[in-house]
Amino acid sequence: MDPIEKRIVRVFRPSLVVLCGPAACGKSTFAARHFRPTQVISSDSCRALVCDDERDQRYPLQTFALVNYLVSQRLSINRLCVVDSTALTPDARKTLLALGRKFRVRVELFLFDIPFEKCLDFDRKRERSVGPKVIEEHFQIFGTARASVGSEGFDQVLELHEDDLEKIQIEILYRPIYRVRQEWPGGNRHSLAVHATNPGPRS
Ligand SMILES: Nc1ncnc2c1ncn2[C@@H]1O[C@H](COP(=O)(O)OP(=O)(O)OP(=O)(O)O)[C@@H](O)[C@H]1O
Ligand SMILES: [Mg+2]
């Protein structure tokens with residue numbers, strides 16, 4: 001059998017990679033396969049940290065405040081961030097793009113262009129299924145997203161199709177960005193986020 005021909009994708013460290021796609025298209029699986037767990041900032045994990053249940057959709061403000069906070073802290077010390085959320089709305093993408101710009105890193109959108117039937121199939125087979133209605137709604141919004149992401153200001157929009165899920169090979173290239181090091185008052189040598197408010201030495 002022929003080995004699968006790889007499609008090599010280069011990602012810089014630091015940079016911000018935004019995954020975008022409907023429920024059950026394979027974003028989290030892809031992220032787990034190609035990145036370290038600490039590089040992936042998942043909205044589901046943040047939701048669970050905020051309210052104890054990753055399926056509880058009642059606290060988007062708190063959930064995404066945490067997503068954005070983690071992204072900021074990591075970018076402030078030149079770490080790679082892969083945001084694993086649907087990123088279906090223009091506002092969601094705009095916020096992440098603005099964070100990337102603030103920390104002067106490349107912001108890349110990985111667009112999961114996976115057929116509807118495939119997502120339904122993935123969803124049926126998983127434990128935490130969301131059901132066809134949610135996936136259908138997501139596909140409608142995704143159609144709009146797909147048409148507009150090209151002009152939203154991302155440094156690159158990478159379209160991932162079904163066969164790419166097995167073909168992609170990610171290469172991470174280190175390209176540091178010089179940042180002014182901030183100090184705790186009193187001279188402790190901790191590195192702080194560029195725009196963080198100092199919560200005090202015991203926090
Ligand atoms: N390349 C793949 N090959 C086989 N199965 C896959 C693949 N990608 C994802 N799956 C399966 O499909 C299901 C959905 O994938 P996953 O949870 O990664 O989707 P998701 O886009 O993160 O969904 P959500 O937006 O709901 O978090 C999982 O059970 C996973 O095992
Ligand atoms: Mg997921």
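This is a short tour of a predicted model, one selection at a time.

**Stop 1: the whole chain.** Start by colouring the protein chain by secondary structure. You should find seven helices and seven strands. Following the chain along its sequence, you'll meet them in the pattern β-β-α-β-α-α-β-α-β-α-α-β-α-β. Of the 203 residues here, 28% are buried. Take the contacts between residues at least 6 apart in sequence: 76% of them join residues at least 24 apart.

**Stop 2: the core.** Now select Leu16, Val18, Leu19, Cys20, Cys81, Val82 and Val83. These are the residues with the most contacts inside the largest nonpolar core, which has 41 residues. Several elements give two or more residues to this core, including β2 (15-20), β4 (81-84) and β5 (106-112) among the strands, and α3 (60-76) and α4 (90-102) among the helices.

Stay here and click on Val83. Which residues is valine 83 in contact with, leaving aside its neighbours within four places in sequence? Look for Leu16, Val18, Leu19, Ile41, Val67, Val71 and Leu96.

**Stop 3: proline 22.** Next, hop to the loop between β2 and α1, where you'll find proline 22. Is proline 22 buried or exposed? Proline 22 counts as buried because 25 C-beta neighbours sit inside 10 Å, and 20 or more is what a buried residue needs. Not counting residues up to four places away in sequence, Pro22 touches Thr86, Cys119, Ile135, His138, Phe139 and Phe142. Try a distance label too: from C-alpha to C-alpha, proline 22 and alanine 87 are 8.7 Å apart, though 65 residues separate them in sequence.

**Stop 4: a pair of helices.** Show α5 along with α6, which covers residues 132-148. These two pack at an angle of about 145 degrees, and their axes are 10 Å apart. The crossing is right-handed. To see who makes the contact, select Phe116, Cys119, Leu120 and Asp123 on α5, then Pro132, Ile135 and Phe139 on α6. By class, that contact has six nonpolar residues, one charged and no polar ones.

**Stop 5: the ligand.** Finally, zoom in on ligand 1. How many residues surround ligand 1? There are 15, and the closest are Gly26, Ser28, Thr29, Phe122 and Arg126. The elements giving two or more residues to this shell are α1 (27-34) and α5 (116-125). Helix α1 has the largest share, with three residues. Colour the shell by class and you'll get a mix: six nonpolar, five polar and four charged residues.

Notes
Residues numbered from 1 in each chain as written. Chains lettered and ligands numbered in written order. Predicted model: local features only at pLDDT ≥ 70, side-chain atom pairs only at ≥ 80, totals over all residues. Near = placed C-beta within 6 Å. Helix = DSSP H or I, 4+ residues; strand = E, 2+ residues; numbered from the N terminus. Nonpolar A, V, L, I, M, F, W, Y, C, P; charged D, E, K, R; others polar. Axes fitted to C-alpha atoms, helices over the stretch in contact; angles between N-to-C directions. Left-handed = near helix turned anticlockwise from the far one by under 90°. Contact = placed C-beta atoms within 7 Å. Core = buried A, V, L, I, M, F, W, Y, C linked by C-beta atoms within 7 Å. Buried ≥ 20, exposed ≤ 12 C-beta atoms within 10 Å, placed from the backbone.
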